[in-house]
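Reader: I'd like a close look at the nonpolar packing here, please. Take me through the core, and start with whatever I should be wary of.

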Amino acid sequence: MSIFISIFLIAFSGFTNADAPKPLDAYIFIAEECPISIYMASDLRKLYADYGSQCNFHLVFPVRKSSKSTAVAFTEQHQLTGMSIIMDKQQEIVKRYQAEVTPEIVIVESETGQVQYRGRINDSFFAPGKKKHSRIQRDADEAFAKLVEHKAVQEPWPEAIGCIINAHE
């Protein structure tokens, strides 16, 4: 009888799998004027399409001159509208996850906040302004694939290449 009641309550309460808590959070440090952030937008869309059902995606704007309106314009222009926007002008999230550049991704367990991956989205750039022209390794995609299978992402994680996040005093 209790199984029937549980199924009935779930079926008629309006609760869906989309409402269920997601096991992962991804914090993507990004800047509107960073060319590498702009370049990575297509990979971020793909990551969101592939893993958005298992992970909350947050675009973190750590640059002082970023505003809510410029962040929204960036997300709309680059079709990243399914992700939440976090204005981190005091760089609290930057400090918490030790982000150094934009773009950089940090994937954490939602429940514990434990970092599972921190690093580059892919290896398209081997230095700021120096684009690779050979096969691309999609590091964040590989990390997500392991994490959704409840496997660890082996360290050391690949260092992100991008625009330096200047510390605010």
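**A close look at the core**

Author: First, the wary bit: pLDDT (the predictor's confidence in each residue, from 0 to 100) stays under 50 over residues 1–17, and the model has 3 contacts for that stretch beyond four places in sequence, a contact being heavy atoms within 4.5 Å. This is a predicted model, in which local features need pLDDT of at least 70 and side-chain atom pairs count only at 80 or more, while totals for chains, interfaces and linings use all residues. Residues are numbered from 1 along each chain as its sequence is written, and side-chain values use heavy atoms, with hydrogens and water left out.

Confidence bottoms out in helix H1 (residues 2–13), at a mean of 39, and peaks in strand S1 (residues 24–29), at 98. Helices (H or I, at least four residues) and strands (E, at least two) are DSSP runs, numbered from the N terminus.

Now the core itself. A nonpolar core is a set of buried (under 20% relative accessible area, 1.4 Å probe, protein chains only) Ala, Val, Leu, Ile, Met, Phe, Trp, Tyr and Cys residues joined through side-chain atoms within 4.5 Å. The largest one has 31 residues, and Leu 44, Leu 47, Phe 57, Ile 105, Ile 107 and Phe 144 touch the most other members. Elements giving it two or more residues include S1, helix H3 (41–51), strand S2 (55–61) and helix H6 (139–148). Zoom in on Phe 57: leaving aside neighbours within four places in sequence, its contacts include Ala 26, Ile 28, Leu 47, Met 83 and Phe 144. Apart from this core lies another, of 10 residues, among them Val 94, Tyr 97, Val 106 and Val 108.

Conventions: Buried < 20%, exposed > 50% of the residue type's maximum accessible area, 1.4 Å probe, protein only.
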